[in-house]
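Student: I should like to take a close look at a single part of this model. Please describe one helix and its surroundings in a connected account.

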Amino acid sequence: MNTKECRSRIVDEFIELTQIDAVSYRERKIADVLKEKLLQLGFEVQEDQAGTAYGSSTGNLYGFLKGSLPGGAILLCAHMDTVEPGLGKHAVFHENGKITSSGDTILGADDVCGLVEILEAVRILKEKQIPHRDIEVVFPIAEEVFIKGTDLLDFTKLRAKEAYVLDLSGAPGAAALRAPSLISFSVTVKGKAAHAGFNPEKGIHAIQIMSQVIAGLPMGHVGDDTTFNIGTVAGGKLVNIVPEECTCKGEIRSYSHQKALELLEKIRASFEKAVREKGGSFSMEHEVNLHAYETDREAPVVKRFERACERLSLPCTLTETFGGSDNNNFALHGISGIVISCGMYQCHSTLEYTYEKDLKTGAALVAALVSERETEL
């Protein structure tokens, strides 16, 4: 039966949180609920002012829970925001334990799976009086818009030197040890307008310059560890006017930050050469949204993950991702972390789903990571 009576506590909490609207920069309601849940679990809770920089009323949530086991604090992270279409979400629980959206919005498993697995893990540890390490949690805003929340996190307040970020698709038991730099850019070419019928030779064709540059640039995979894409091109006003302006926007991703910067300069040089030959001018802007990192396979944070998977009889897969997460910022600030899968599937689409069994397994895994012992849920 598809009734509340056949659902577990973690599923109830998952459905509760997914049905709160929390698109990027509009996370106030879910932040208030999560803050109360952390306080009930005994955390010291703070909220920063990161949102004010983006015109939002919500900041990153930080919590600290004192443990009794020796060793440094362990940081757990899952972000609060979702992508669009994320307003009016309604979770549907199916008899086989699958949870989907109603089909017209995302579900919000990215990253409510991570949030509830952290909360449930701590809840079980406390109920069963299982000793654990000091626990820090960070629930950031605006992760989905290139980790803007943790861009403004005060890292001097964090005690942990090791982090687990619950923000990877797939069943629990996988961890990404490497993620890329991502540089977004825009280029505007300015030529000279002229009547396309009477005196086109008096114009400088901005779209033609743009087209010639793009045609000469590599696209897609640029080597084994770098990709390049121009996703939009816009220019011109009327068909009888030589276009005086054209703009393109694109991105570079690479596991090597240096290679990403070198490719950016190659693009810049191509435009410089084109306007020198054809006339006109160009301007280029870029933003480093993610900074590449790679966590060593022998790092303690990885070895602890492997031990936890073994204790829970989970197949342990060490992999990499070509997407970003808040772990990019943790690594940038000297925290050794990995991104772990938390049972979310087909994220960023209306087909997104999760399973009750994955939520329970993910919570057990988090509990094992901070307690170094198996925890049955």
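Tutor: Let us begin with the outward side of helix H5, where Ala-215 and Gly-216 are exposed in this predicted model. Helix H5 spans residues 206-216, and its buried residues are Ala-206, Ile-209, Met-210, Val-213 and Ile-214. Seen down the axis of H5, these buried residues fall within an arc of 125°, so they line one face of the helix. The general background is that an α-helix has 3.6 residues a turn, so residues three or four places apart point the same way.

The next matter is what this face meets. The buried residues of H5 pack against three strands, S10 (181-190), S12 (226-235) and S13 (245-254), and against helix H6 (257-278). The strands are themselves paired: S10 and S13 run antiparallel and are joined by 10 bridges, while S12 and S13 are antiparallel with 9 bridges. Within these pairings, Val-187 stands opposite Cys-248 of S13, and Gly-235 has Cys-246 of S13 as its bridge partner.

These two cysteines deserve a closer look. Cys-246 counts as buried, at 1% relative accessibility, and Cys-248 is buried too, with a relative accessible area of 0%. A disulfide is a covalent bond between the sulfur atoms of two cysteines. For a pair to count as one, the sulfur atoms must lie within 2.5 Å. The sulfur of Cys-248 is 7.2 Å from its closest cysteine sulfur, that of Cys-246, which is too far for a bond. By this rule, the count for the model comes to 0 disulfides.

Technical notes: Residues numbered from 1 in each chain as written. Predicted model: local features only at pLDDT ≥ 70, side-chain atom pairs only at ≥ 80, totals over all residues. Heavy atoms only, no water. Buried < 20%, exposed > 50% of the residue type's maximum accessible area, 1.4 Å probe, protein only. Helix = DSSP H or I, 4+ residues; strand = E, 2+ residues; numbered from the N terminus. Arc of directions from axis to C-beta. Contact = heavy atoms within 4.5 Å. Pairing = 2+ DSSP bridges.
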